[in-house]
Amino acid sequence: MDYKYLPDMDSEVFALIKEEENRQRNGLEMIASENYVSPAVLEAMSSVFQNKYSEGYCGKRYYAGNEVVDKIEGLAIERAKKLFGCNFVNVQALSGSPANLAVYFALLNPGDTVLGLKLNHGGHLSHGHPINFTGKTYNFIQYGCKGETGIVDMDEVEKLAKEHKPKMIVAGFSAYSRDFDWVRFKQIADSVGAITFADIAHVAGLIAGKAIKGPIEAGFDVVTTTTHKTLRGARGALIMSKDEEAAKKIDKAVFPGLQGGPHEHIIAGIAVALGEALKPEFQTYAKQIILNAQKLSDELLAKGFNIVSGGTDNHLIVVDLRNKNLPGKEFTDALDKAGISASASTVPNDPNPPMKPSGIRLGTPALTTRGMKEAEMIQVAEWISRVADDMENLANLAAIKQEVETFAAKFPVPGIF
Ligand SMILES: *Cc1c(COP(=O)(O)O)cnc(C)c1O
């Protein structure tokens with residue numbers, strides 16, 4: 001971005017922005033939940049919508065002067081409906097976790113029984129982890145992957161549903177590389193009269209880009225997503241619902257239940273991103289993300305890495321490092337020194353505690369945004385393998401970092417120029 005005022009008005013903040021731009025440009029961003037938004041999204045996010053209080057919803061605001069805000073929020077809603085084929089959308093939740101809280105607050109009572117995927121099998125904190133508000137407030141029963149397969153055990157989901165008669169079943173994940181069986185989840189939920197809630201925070205962009213199937217076409221009642229992961233928009237969330245009664249409860253839960261004024265400048269940035277996702281190019285992008293993840297997975301398998309579930313159907317892979325004797329955290333630190341950003345991750349039935357996980361999670365959304373394709377994934381796998389071969393050797397890591405920087409310079413980052 002070109003900065004006109006900051007360099008003079010606040011050189012300290014400006015210098016830090018430049019420092020972060022360099023970090024983002026020089027390294028390889030492989031954290032599966034991250035991406036680079038377009039300059040158009042960045043511009044909308046820094047617009048004067050920032051200045052406006054707009055508590056309430058379109059046509060029903062508490063303060064005056066919201067006639068234009070109503071149009072921008074309405075546009076974001078219309079675009080989300082078109083993109084995902086849903087009936088009702090709330091675009092005000094401030095991020096993915098608050099969006100999930102709003103869904104629970106709207107549709108459950110404290111103490112109600114809910115099924116969710118275990119954190120260390122790829123779930124999210126907000127799916128009922130004991131340290132999270134959700135786990136403390138609702139009676140979460142957690143399902144997981146089958147043995148060492150790394151695949152969600154749908155028979156266990158069915159068994160737990162029959163046994164516990166949950167009010168809601170949550171389907172969704174943060175570190176899981178296989179297609180979710182939305183149809184089977186819906187069948188199981190219907191058989192016990194449970195509400196179906198899907199959290200597609202990670203794969204929303206792949207679903208929007210028609211590269212994989214989503215829960216809305218499977219008939220889910222409620223679907224949340226972040227807007228900043230594969231969907232590549234401003235940081236926020238969408239809450240989509242099928243029927244009007246649920247939609248009304250959800251709106252009330254977001255405001256006045258949990259939040260005050262929505263962030264309309266961010267909603268403007270989300271509207272721009274949704275507009276981008278409606279274009280045919282986005283479908284090409286979504287498909288390429290998956291091709292890249294699959295190529296990366298194949299290359300790492302060939303180098304002796306153990307990929308949880310043996311591969312991927314989406315944008316991420318979880319690498320089980322136990323056979324290489326590399327602790328996940330130390331390995332991500334070494335990768336970082338070599339210019340590659342990744343996150344440590346538990347693996348299903350991880351024998352180690354969550355702060356010392358046995359794996360890492362790698363994603364391709366950000367690299368794909370930079371225009372990288374399968375050929376580049378071969379190179380990336382090579383560097384990851386070289387880091388693994390000599391993780392303690394700082395000279396090795398520094399040499400790789402040099403190569404990474406030269407390589408990365410050939411792939412411009414949107415919004416950084
Ligand atoms: C990232 C994520 C969230 C949380 O989103 P935040 O915007 O970080 O609050 C919720 N659910 C899932 C499945 C996620 O992957």
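## A tour of the domain 1 and domain 2 interface

Across the interface of domain 1 and domain 2 there is 1 salt bridge. The model is a predicted one, and the tour starts at that contact.

Select Arg 178 and Asp 313 and show their side chains. These two residues form a salt bridge, with 3.0 Å between the closest N and O atoms.

Next, colour the chain by domain. The domain assignment places residues 43–277 in domain 1 and residues 286–408 in domain 2. Taken over C-alpha atoms, the centres of domain 1 and domain 2 are 28 Å apart.

Now select the residues where the two domains touch. On one side are 26 residues of domain 1, in contact with 24 residues of domain 2. About 1900 Å² is buried between domain 1 and domain 2, and carbon and sulfur atoms give 52% of that area.

Turn on polar contacts for this interface. Between domain 1 and domain 2, 15 residue pairs are in polar contact, both residues being at pLDDT 80 or more. Then keep just the side of domain 1 that touches domain 2: its residues comprise 10 nonpolar, 11 polar and 5 charged.

Finally, select the cysteines. How many disulfides does a search of the whole structure find? The search finds 0. Centre on Cys 86, which is in no disulfide; the nearest cysteine sulfur belongs to Cys 58 and lies 15 Å away. Cys 86 counts as buried because its relative accessibility is 9%, under the 20% cut-off. Move on to Cys 145, which has 7% relative accessibility and therefore also counts as buried.

Terms used. Residues are numbered from 1 along each chain as its sequence is written. This is a predicted model: local features need pLDDT of at least 70, side-chain atom pairs count only at pLDDT 80 or more; totals for chains, interfaces and linings use all residues. Side-chain values use heavy atoms; hydrogens and water are left out. Domain bounds come from an automatic or database domain assignment. Contact means heavy atoms within 4.5 Å. Buried area is the accessible area (1.4 Å probe) that two parts lose on being put together, summed over both. A salt bridge is a side-chain nitrogen of Lys or Arg within 4 Å of a carboxyl oxygen of Asp or Glu. A polar contact is a pair of N or O atoms within 3.5 Å; within protein, one must be able to donate a hydrogen and the other to accept it, and residues adjacent in sequence count only if both atoms are side-chain atoms. Ala, Val, Leu, Ile, Met, Phe, Trp, Tyr, Cys and Pro count as nonpolar, Asp, Glu, Lys and Arg as charged, and the others, Gly among them, as polar. A disulfide is a pair of cysteine sulfur atoms within 2.5 Å. Buried means under 20% relative accessible area, exposed over 50%, partly exposed in between (1.4 Å probe, protein chains only).
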